[in-house]
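These are my notebook entries on a structure that I looked through for its secondary-structure packing and charge pairs.

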Number of protein chains: 2
Amino acid sequence: MKILVALGGNAILRRGGTGTAAEQEATIDSTSKRLVGIIGEGHDVALTHGNGPQVGDILLAYDLAKGVLSPMPLDVCGAQSQGMIGYMLQQSLENELKSVGIMKSVATVLTQTVVKATDRAFANPTKPIGQFYDEAEAKDLERRNGWSMINDSNRGFRRVVPSPNPVSFLESETIKCLFDEGTVVIAAGGGGVPVVKDTGSRRYIGVEAVIDKDLAAALLAGLLGVDLLMILADVDGVFLNYGRPEQRLVDKMSVQEARRYLAEGQFPAGSMGPKVEAVVRFIESGGKRAVIGSLERVEATLGGEAGTNFYQ
Amino acid sequence: MKILVALGGNAILRRGGTGTAAEQEATIDSTSKRLVGIIGEGHDVALTHGNGPQVGDILLAYDLAKGVLSPMPLDVCGAQSQGMIGYMLQQSLENELKSVGIMKSVATVLTQTVVKATDRAFANPTKPIGQFYDEAEAKDLERRNGWSMINDSNRGFRRVVPSPNPVSFLESETIKCLFDEGTVVIAAGGGGVPVVKDTGSRRYIGVEAVIDKDLAAALLAGLLGVDLLMILADVDGVFLNYGRPEQRLVDKMSVQEARRYLAEGQFPAGSMGPKVEAVVRFIESGGKRAVIGSLERVEATLGGEAGTNFYQ
């Protein structure tokens, strides 16, 4: 079976951890062991992953270095995070595969994701990134850098950037070619670096935005023609009435039901919402099966005994 | 013809420039135009590049962020720089290729370069990286981090790391597969992330070292079976008696002559030495032709009318 696995941030950077490279590597090794378990069953696996904490750290480092170093724009920082996470993931996967005697190549393809310059998200930035500032700093950054700032859950002010809809990947052919050759391909990390086609020059240029990694995963799953899209996070699956006494984990959901729940606002915008939207899009565009579940139970999730399974 | 182009740092970051992302992009666009010129003549081109200034900036940013962020080891910083430079190069090349109507894929393959744990370089770190420190800071870093520090040309103290010999690439198959498919492949950026096979666990792990990008280029040229290795820098070619009144630019050099000049110490260790060593290795291992010349005159260098040409 062909499978695209979308890994959440916790597969790389343990929540509440220290964020050292050694700790990230240990977390990634544990992730790799689980993934090699399913590759060992004969499945062809492609991977994508989030980059929120890592790109936040890179932005923070440049911010602390300001006055000494030229700050790098968000697209360049995103590319750095793809290099960093891709390296750690591919090294770990190569090691785990070799240790169980599987001869498969692993490759990270640096990915640019095309978004529309007319995407309404550009008029309405919603995605908080980077560190917290106090109100005076926030006003200053709005004025100096032209950033949009919000008061984030009263923890302070944060920069918000647009989260436009992914339309295509500039590296589609490369990603598909490698996957079809049997390579464990890592692509569209952090949703890919967002680029738009400049109307004047007709050139693709990076933009200060963030693409939801699960929506990018749905697009990638369609491109690769996989049989199964697995969105793995630190959740058992999709809950209805989450956080209320009557909350319940759903084991199966039709796309029609999912669309209704999405419209009802059952799933929070920043977390479960885009995951459910992603699996729905994948199935609506012809995908057979998708599941949202936990990395810890990847085998059971693959077997349909855990997680929330989505069907036509 | 199949060509591997090794780009020097000046192809990306202009010497004496400001180091902003916009300036790097403008420099890269000018580089891409020249490269697309030779791709347009029907040649299959693969690319590799240096990363010295970029990885230096990344190290500096983490250093300035110490106490706030966990510092990242050199291998992880190198992977970040591959992501960053690969992104800017591939975007620019894709744009230039499209603008002249050439339909070719461009892809960056994040590359790990295997070195031997027994490489003598590990006992003798020689490659200065990162910023300058005063003597007290240098002593402190030696004690705290176990770094080797040197007094660099009396400009201050700098960290030195080993520069071991590149042996192979973990991503060989992927790089070769894409190049053979006609992709403009960008690989082994900054010489690749150096990894060694841990004798106990048999796993590949990153090491705190830097691989010379020209020696990595020679290895890559052999892997890809190219007809020509072009090492492009901000030099017209190889000089004999460089810096002395009798200095002269050499237009042709046999491998035998080059070996003799290398033994005589004609070429400085940090700059022209590894470039000449790289072309010699490439030809000694069966390569037909190699040239060291300037990016500005890439067409003439390709035609044999500029640069220093090496032959068997």
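With which residue does A:K176 form a salt bridge, and how far apart are the closest N and O atoms? I found the partner to be A:D180, with the closest N and O atoms 3.5 Å apart; a salt bridge is taken as a side-chain nitrogen of Lys or Arg within 4 Å of a carboxyl oxygen of Asp or Glu. Both A:K176 and A:D180 lie in helix 5 (residues 172-180) of chain A, 4 residues apart, about one turn of the helix. Over all chains I noted 34 salt bridges.

**Basis.** The model is predicted, and local features need pLDDT of at least 70, side-chain atom pairs count only at pLDDT 80 or more, and totals for chains, interfaces and linings use all residues. Side-chain values use heavy atoms, without hydrogens and water, residues are numbered from 1 along each chain as its sequence is written, and chains are lettered from A and ligands numbered from 1 in the order in which they are written.

**Sheet 5-7-6, chain A.** I looked up an open sheet of 3 strands in chain A, with the order 5-7-6 and antiparallel pairing. Helices (H or I, at least four residues) and strands (E, at least two) are DSSP runs numbered from the N terminus, and two strands pair if DSSP finds at least two bridges between them. Strand 5 (127-133) and strand 6 (148-151) of chain A each have a single partner strand, so one side of each is left without a neighbour in the sheet. On average, neighbouring strands of this sheet are turned by 35° against each other, direction ignored. Strand 6 and strand 7 (residues 157-161) of chain A share 4 bridges in the antiparallel sense; in strand 7 of chain A, A:R158 is the bridge partner of A:I150.

**Helix 4, chain A.** I then found helix 4 (residues 135-145) of chain A packed on this sheet, touching strand 5, strand 6 and strand 7 of chain A; contact means heavy atoms within 4.5 Å. The direction of helix 4 makes about 125° with that of strand 5 of chain A, where angles run from 0 to 180 degrees between N-to-C directions and axes are lines fitted to C-alpha atoms, for helices over the stretch in contact. At the N-terminal end of helix 4 of chain A, A:D134 acts as a cap, with a side-chain oxygen 3.2 Å from the backbone nitrogen of A:A136. A:G146, just after helix 4 of chain A, has a positive phi of about 70°.

**Helices 7 and 8, chain A.** I recorded an angle of about 145° between helix 7 (residues 255-264) and helix 8 (residues 272-284) of chain A, with their axes 10 Å apart. Among the residues of helix 7 of chain A that meet helix 8 of chain A are A:V255 and A:L262.

**Chain B.** Strand 6 (residues 148-151) and strand 7 (residues 157-161) of chain B pair in the antiparallel sense over 4 bridges, and B:S148 stands opposite B:V160. Their hairpin has 5 residues between the strands, and B:S153 there takes a positive phi near 50°. I also noted an open sheet of 4 strands in chain B, with the order 8-4-10-11 and mixed pairing. Strand 8 (168-169) and strand 11 (204-206) of chain B are its edge strands.

Note on methods:
A polar contact is a pair of N or O atoms within 3.5 Å; within protein, one must be able to donate a hydrogen and the other to accept it, and residues adjacent in sequence count only if both atoms are side-chain atoms.
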